[in-house]
Amino acid sequence: MRRRDMLKRLLQAGGAAVAAVLAIPALVLSLAPLRGQQRSIWRAVGSLEAFPIGGVQKAAVPLPHPDWAKTIIDQGVFVWRPTSTELVVYSRSCTDLGCPLTWDPGGEVFLCPCHGGIFAKDGARMAGPPKQPMHRYLTRIREGLIEIDLRSIPPEA
Ligand code: FES
């Protein structure tokens, strides 16, 4: 083998090694979202006994703000217990542009103050611009507490 060919092969091998080392961080970053989606984040909403059967009640789940250090925000939710064995926890954010919904106990509907969106008690869209029903959290009961999985609805909800 000529000296020039040997040098060429050494440079090619070195280039491939550098490319492989540089690709590792990109590979790790590209897999990070997949890992994150699989892990649930459970937070307590309150005691099951605090929410009467048949009613819809507002509650707040304190969360660290994702952008501002040492700041706690309240994630607004609605809790509905249709029967003694059923439980629904909705995000308070409208599925149109995220405005906070209010519960109208007289009409038994959720109202959006921004563009007139209306949702039924079961979260179904009734009127206005929203295209989707209300977001429902995955729920569980642990030691008498209602817990929701924060990752079970889209992050912007
Ligand atoms: S944000 Fe609720 S209807 Fe537009």
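Buried, in these legends, means under 20% relative accessible area and exposed means over 50%, with partly exposed in between, judged with a 1.4 Å probe and with protein chains only. The model is a predicted one, in which local features need pLDDT of at least 70 and side-chain atom pairs count only at pLDDT 80 or more, while totals for chains, interfaces and linings use all residues. Residues are numbered from 1 along each chain as its sequence is written, and side-chain values use heavy atoms, with hydrogens and water left out.

**View 1. The loop between β9 and β10, centred on Glu-143.**
Glu-143 is found in the loop that runs between β9 (138–142) and β10 (145–149), where strands (E, at least two residues) and helices (H or I, at least four) are DSSP runs numbered from the N terminus. With a relative accessible area of 84%, Glu-143 counts as exposed. The phi angle of Glu-143 is near 50°, which is a positive value in a residue other than glycine.

**View 2. A salt bridge between Glu-147 and Arg-140.**
The side chains of Glu-147 and Arg-140 meet in a salt bridge, at 2.7 Å from N to O; the term stands for a side-chain nitrogen of Lys or Arg within 4 Å of a carboxyl oxygen of Asp or Glu. Glu-147 is buried, its relative accessible area being 12%, whereas Arg-140 is partly exposed at 25%. The structure holds two salt bridges, and the next view shows the pair formed by Lys-121 and Glu-108.

**View 3. Lys-121 and Glu-108, a salt bridge between two loops.**
In the salt bridge of Lys-121 with Glu-108, the closest N and O atoms are 3.3 Å apart. Lys-121 lies in the loop between β7 (118–120) and β8 (125–127) and Glu-108 in the loop between β5 (102–104) and β6 (109–111), so the pair ties together parts that are 13 residues apart in sequence. Lys-121 is buried, with a relative accessible area of 18%, while Glu-108 is partly exposed, with 40%. Glu-108 also has a phi near 55°, a positive value in a residue other than glycine.

**View 4. A nonpolar surface patch that includes Met-6.**
Met-6, Leu-7, Leu-10 and Leu-11 form a nonpolar patch on the surface, and together they have about 450 Å² of accessible area, a value obtained by the Shrake-Rupley method with a 1.4 Å probe, only the protein chains shown counting as cover for residues. Patches are made of residues with over 30% relative accessible area and no salt bridge, like charges being joined within 9 Å and nonpolar side chains (Val, Leu, Ile, Met, Phe, Trp, Tyr) within 5 Å. Met-6 is found in helix α1 (residues 3–38), and at 46% relative accessibility Met-6 counts as partly exposed.
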